[in-house]
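Me: Please take a close look at one part of this model. Then set that part against the rest of the chain.

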Amino acid sequence: MIEITIDNLAKRFGKVHALAGVSLKIAPGEFFFLLGPSGCGKTTLLRLLAGFLEPDGGAIRFGERRIDNVPAHKRNTGMVFQNYALWPHMSVFRNVAYGLDVRRVPAEEKARRVSEILGLVRMSGYEERLPGELSGGQQQRVALARALVIDPDVVLLDEPLSNLDAKLRSDMRAEIRRIHDRTGRTFVYVTHDQKEALSMADRIAVMNEGRIEQVGAPEEVYTSPANLFVAKFLGGANVVSGRVKSCSDGLAFVETPAGTLAARIGSRLLVAGDAAVIALRPELIHAAATGEANAVDAELSERMYLGEIIQYQLLASGVELTATAPSAAPLGAHPGERVRIAFDARAAAAFPAE
């Protein structure tokens, strides 16, 4: 297990700042996710860790060793690519053993290590198969085995599940988490898929435009977003604009077209008179109880049945809201229906308007 320290890392491509002074610490043995939209810099950061790119500034350390000026083949990292990158003419055994061949590992030890790692990824018995004879999930297991067999200090994964169907992707999330826990290696995983990050990570760095917006455990970044970008990216929060009427007890009372609504003050101070936005996740909206605070009247404009949940589009005095509710506790039955809805003020967050 090894700690990764990233200090003020910068990378430019022409006039584009792919990374703008990123600093980060990843704990030994941590399963760490880089999460963000396309073009946010997450893959650039992963490739800098791997040694495929050279930084324009800053430093990277594996433990006490500075490695940003060390060639890729001397960093002892294992890489799992999005497209598997298996040799199509080579058997599973030869694909997995390739890194050991490069390191001139003796044949007996090589056979032992390949056998052990194929057992770990549940691919024992497939040694003589070619990649074309395997399913997508099996190919990804082989790619993971190849990265692990060299006994790397750090395992880097670049959107490894994006080519799999939904059911297989769900199964592989659990498998990769199991393999991480068994090996105890430091894993750094790049994805734009929120479910992957929330269900698998020890901690997540949410990235945007070459910068880190927030770092924290999955529940922390989801329930306590640092800013409006994180709130909108993770979970698709509704955004209700208004102006702060007053603040007290950690709550901002915001005058909106739908009425005065209260929300927990986010990471930056708000005072009366400030333009503000309330970030409100769809699942926080519920049918209001009689006399409940933070309640507004709305019209149900759309209703979409999704199995265990129902998704609603609501219109509250011109404010468009998306809500989700369990099928067993619906908000309304049909478009055009008037409903009264509410949300817990401390579960929503108020931020300065952008």
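Reply: The part is helix 2, and its packing comes before the rings and the loops.

This is a predicted model, so local features need pLDDT of at least 70 and side-chain atom pairs count only at pLDDT 80 or more, while totals for chains, interfaces and linings use all residues. Residues are numbered from 1 along each chain as its sequence is written, and side-chain values use heavy atoms, with hydrogens and water left out.

First, the setting. The chain holds 8 helices and 20 strands. Helices (H or I, at least four residues) and strands (E, at least two) are DSSP runs, numbered from the N terminus. Along the principal axes, the C-alpha atoms fill a box of roughly 75 × 45 × 35 Å. Of the 354 residues, 49% are buried. Buried means under 20% relative accessible area, exposed means over 50%, and partly exposed lies in between (1.4 Å probe, protein chains only). Take the contacts (heavy atoms within 4.5 Å) with a separation of 6 or more: residues 24 or more positions apart account for 66% of them.

Now helix 2. Its axis comes within 10 Å of the axis of helix 3 (residues 107-120), and the two cross at roughly 125 degrees. Axes are lines fitted to C-alpha atoms, for helices over the stretch in contact, and angles run from 0 to 180 degrees between N-to-C directions. That crossing makes helix 2 oblique to helix 3. The classes are: under 35 degrees roughly parallel, over 145 roughly antiparallel, 65 to 115 roughly perpendicular, and the rest oblique. The crossing of helix 2 and helix 3 is right-handed. Right-handed means that the near helix is turned clockwise from the far one by less than a right angle, and left-handed means anticlockwise.

Which residues meet there? From helix 2 come Val92, Phe93, Val96, Ala97, Leu100 and Asp101, and from helix 3 come Lys110, Ala111, Arg113, Val114, Ile117 and Leu118. Lys110 of helix 3 counts as buried, at 17% relative accessibility. Leaving out residues up to four places away in sequence, Lys110 touches Ala97, Leu100, Asp101 and Val105.

Helix 4 (residues 136-149) packs on helix 2 at an angle of about 25 degrees, with the axes 8 Å apart. Helix 2 is therefore roughly parallel to helix 4. Their crossing is right-handed. Val92, Asn95, Val96 and Leu100 of helix 2 make the contact with Val142, Ala145, Arg146 and Val149 of helix 4.

How far from Gly99 is Ala20? The two are 79 residues apart in sequence and 34 Å apart in space, C-alpha to C-alpha. Ala20 lies in strand 2 (residues 16-26). It is partly exposed at 24% relative accessibility. Ala20 touches Leu9, Gly210 and Arg211, not counting residues up to four places away in sequence.

Next, the rings. Rings of Phe, Tyr and Trp (its six-membered ring) pair if their centres lie within 6.5 Å; planes under 30 degrees apart are stacked, over 60 edge-to-face, and the rest tilted. By this rule there are 7 aromatic pairs. In one of them, Phe31 and Phe187 have ring centres 5.3 Å apart and planes at 70 degrees, so the pair is edge-to-face. Phe31 lies in strand 3 (residues 31-35) and Phe187 in strand 8 (residues 186-191), so the pair ties together parts that are 156 residues apart in sequence. Both Phe31 and Phe187 are buried.

Phe52 and Phe81 have ring centres 6.3 Å apart and planes at 10 degrees, so this pair is stacked. It links distant parts of the chain, 29 residues apart: Phe52 sits in the loop between helix 1 (42-50) and strand 4 (57-62), and Phe81 in the loop between strand 6 (77-80) and helix 2 (92-102). Phe52 is partly exposed at 40%, and Phe81 is partly exposed at 23%.

Ring pairs also join Phe31, Phe33, Phe187 and Tyr189 into a cluster.

Last, the loops. Most residues other than glycine have a negative phi. Asp151 has a positive phi, near 60 degrees. Its place is the loop between helix 4 and strand 7 (154-158), where Asp151 is partly exposed at 39%. Asp249 also has a positive phi, about 55 degrees. Asp249 lies in the loop between strand 11 (238-248) and strand 12 (251-256), and at 64% relative accessibility Asp249 counts as exposed.
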